[in-house]
Amino acid sequence: MAIVIVLAGMIGVGKTTYTTRIAESLHTQPFFEAVDDNPILTKYYENPEKYGFALQIYFLNKRFKSIKESFSNQNNVLDRSIYEDALFTKINVDNGNISQEEYQLYLELLDNMMEEIDNLPKKAPDLLIYLDADFDHILQNIAKRGRTFEQPNEKNDLISYYKQLHQAYGSWFDQYNYGPKLRIDAQKYDVTKEAEWQQAFQLIQAELIRNGQQ
């Protein structure tokens, strides 16, 4: 049986690591969101008002392509998906980086894409895994991975942006209703250590079994 798993959660919470470990354990294909080769992302961090809409359209297009490909193949794991895209867009609207006119255009595009997904053989992921962690833990991870444009400082006000995302994610997860979902405390398991990874993977396997996927 083909299984599609999507990861969700804050910047720096560990989605890429979990995606890699799940894909290895299930002997399947990981889908990673483009960051290093994203032509807009660094520009957005430098000037969010100018590049907010362009960045969200870029991500929407890439996430739509990835979810279609994953639904059309065998087992796949995605480190981020179209289902949380609107969360980032709404925060950009609230922060004045995207106009109401641009937001309405975005929502129309998203609705059209979701209608197309509804017509695919698989309608939704078999499991969404939401990785949660304390805000300080998130900041430590962002600092540790060392992407210059992600580092908060006095000029870029990224701390406020990260706090907005962190506060919004809990409500987003509660409202997610496309299919089965699982919350994992990312601070509880250091999945770079085999024993702790096995504990986390047991939670994932149990949820898949509970929903008839294994």
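Mentor: Before we start on the pocket linings: Ala, Val, Leu, Ile, Met, Phe, Trp, Tyr, Cys and Pro count as nonpolar, Asp, Glu, Lys and Arg as charged, and the others, Gly among them, as polar. Keep in mind that this is a predicted model.

Trainee: OK. How do the residues lining the largest pocket divide on that scheme?

Mentor: The lining has 16 nonpolar, nine polar and twelve charged residues.

Trainee: And what volume does the largest pocket have?

Mentor: About 840 Å³. There are 37 lining residues, and those closest to the centre of this pocket are Gly12, Val13, Gly14, Lys15 and Arg145.

Trainee: Which elements give two or more residues to that lining?

Mentor: Four helices do: H1 (15-26), H2 (41-46), H3 and H6 (135-145).

Trainee: Next, the second largest pocket. Which residues lie nearest its centre?

Mentor: Tyr83, Ala86, Leu87, Trp172 and Tyr178, out of 16 that line the second largest pocket. The space in there is about 370 Å³.

Trainee: What about the makeup of that lining, nonpolar, polar and charged?

Mentor: Eleven nonpolar, two polar and three charged. Helices H4 (85-94), H5 (100-118) and H7 (158-175) each supply at least two of the lining residues.

Trainee: Changing topic. How many cavities of 30 Å³ or more are there?

Mentor: One. The volume of the largest cavity is about 40 Å³.

Trainee: What lines the largest cavity?

Mentor: Met10, Val13, Tyr130, Leu131, Asp132, Ala133, Ile138, His166 and Tyr169. Strand S4 (127-132) and H7 are the elements that give two or more residues to this lining, and S4 gives the most, with three. By type, the lining of the largest cavity has seven nonpolar residues, one polar and one charged.

Trainee: Back to H3 for a moment. Where does glutamine 56 sit?

Mentor: In helix H3, which covers residues 48-72.

Trainee: Is glutamine 56 buried or exposed?

Mentor: Glutamine 56 counts as buried because its relative accessible area is 2%, and the cut-off for buried is under 20%.

Trainee: Which side chain does the side chain of glutamine 56 make a polar contact with?

Mentor: That of threonine 89, at 3.0 Å.

Trainee: What else does glutamine 56 touch?

Mentor: Leaving out residues up to four places away in sequence, glutamine 56 touches Asp85, Phe88, Asn92, Ile98 and Tyr106, as well as Thr89.

Conventions. Residues numbered from 1 in each chain as written. Predicted model: local features only at pLDDT ≥ 70, side-chain atom pairs only at ≥ 80, totals over all residues. Heavy atoms only, no water. Buried < 20%, exposed > 50% of the residue type's maximum accessible area, 1.4 Å probe, protein only. Polar contact = N/O pair within 3.5 Å; in protein donor to acceptor, adjacent residues only side chain to side chain. Contact = heavy atoms within 4.5 Å. 1 Å grid on protein atoms, 1.4 Å probe; cavity = no way out; pocket = protein on both sides within 12 Å on 5 of 7 lines; lining within 4 Å. Points joined across faces, edges and corners; volume = space filled by probe spheres on them.
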